[in-house]
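Student: I would like a close look at one part of this model, with the rest of the chain described around it. Please keep to computed values and give the cut-offs.

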Amino acid sequence: MNGTPIPDDVLVAHLDGEAVLLHMDSKRYFRLNETGQRIWQHLEHGLDRDAIVSALVEEYDVDPATAAAALDGLIEELERHALVERPDQGAADSD
């Protein structure tokens with residue numbers, strides 16, 4: 001898989017300038033700001049890290065290092081709360 005998989009037990013509501021995530025197992029809500037929402041939308045479309053960084057550079061007029069740091073920080077936070085999974089987790093399970 002190219003992007004970071006979103007587990008089936010995570011729901012999202014896209015609102016004006018933000019997104020609200022609900023982890024169904026834990027019943028915890030998480031709010032994403034506008035940038036986080038755009039990253040999430042790119043994840044939903046299956047974009048890989050490089051494609052998301054490129055999109056952020058274009059959309060927010062930031063340098064690639066800043067975009068990559070924002071993306072990596074958010075992905076780490078989402079992984080901590082089981083809102084996304086690393087692509088290699090699924091591959092290891094299917095071997």
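What relative accessibility does Ala82 have, and what does Ala82 count as at that value?

Tutor: This is a predicted model, in which local features need pLDDT of at least 70 and side-chain atom pairs count only at pLDDT 80 or more, while totals for chains, interfaces and linings use all residues. Residues are numbered from 1 along each chain as its sequence is written, and side-chain values use heavy atoms, with hydrogens and water left out.

Ala82 has 38% relative accessibility and therefore counts as partly exposed; buried means under 20% relative accessible area, exposed over 50%, and partly exposed in between, with a 1.4 Å probe and protein chains only. Ala82 sits in the loop between helix H3 (64-80) and helix H4 (87-94). Helices (H or I, at least four residues) and strands (E, at least two) are DSSP runs, numbered from the N terminus. The phi of Ala82 is positive, about 60°, although Ala82 is not a glycine. Most residues other than glycine have a negative phi.

Lys27 can be set beside Ala82. Lys27 also has a positive phi, near 65°, and is a residue other than glycine. Lys27 lies in the loop between S2 and S3, and because its relative accessibility is 56%, Lys27 counts as exposed. The S2-S3 hairpin has four residues between the strands, and Lys27 with its positive phi belongs to that hairpin. In the hairpin of S1 and S2, with two residues between the strands, Gly17 takes a positive phi near 80°. Another glycine, Gly46, has a positive phi of about 80° just after H1.

The loop of Ala82 belongs to a chain with four helices and three strands, arranged β-β-β-α-α-α-α from the N terminus on. The three strands form an open antiparallel sheet in the order S1-S2-S3. S1 and S3 are the edge strands, each pairing on one side only. From one strand to the next the twist averages 20°.

Strands pair if DSSP finds at least two bridges between them. S1 (residues 10-15) and S2 (residues 18-23) run antiparallel and are joined by six bridges. Within this pair, Val12 stands opposite Leu21, and Val10 has His23 as its bridge partner. S2 also pairs with S3 (residues 28-32), in the antiparallel sense and over five bridges. His23 stands opposite Arg28 on that side.

Helix H1 (residues 34-44) lies across S1, S2 and S3, at about 125° to S1. Axes are lines fitted to C-alpha atoms, for helices over the stretch in contact, and angles run from 0 to 180 degrees between N-to-C directions. Asn33 caps the N-terminal end of H1, with a side-chain oxygen 3.2 Å from the backbone nitrogen of Thr35. Gly36, Gln37, Ile39, Trp40, Gln41, His42 and Leu43 of H1 are buried. Their cover includes S1, S2, S3, helix H2 (49-60) and H3. His42 counts as buried because its relative accessible area is 8%. Not counting residues up to four places away in sequence, His42 touches Leu47, Ile52, Ala55 and Glu59; contact means heavy atoms within 4.5 Å.

H3, the helix before the loop of Ala82, packs against H1 at an angle of about 75°, with the axes 11 Å apart. H1 and H3 are therefore roughly perpendicular to each other: angles under 35 degrees count as roughly parallel, over 145 as roughly antiparallel, 65 to 115 as roughly perpendicular and the rest as oblique. Gly36, Ile39, Trp40 and Leu43 in H1 meet Ala70, Leu71, Leu74, Ile75 and Leu78 in H3.

Some totals follow for the chain. Of its 95 residues, 34% are buried. Among contacts between residues at least 6 apart in sequence, 46% join residues at least 24 apart. The accessible surface comes to about 5900 Å², and 48% of that surface belongs to carbon and sulfur atoms; accessible areas come from the Shrake-Rupley method with a 1.4 Å probe, and for residues only the protein chains shown count as cover.

Definitions and conventions:
Polar contact = N/O pair within 3.5 Å; in protein donor to acceptor, adjacent residues only side chain to side chain.
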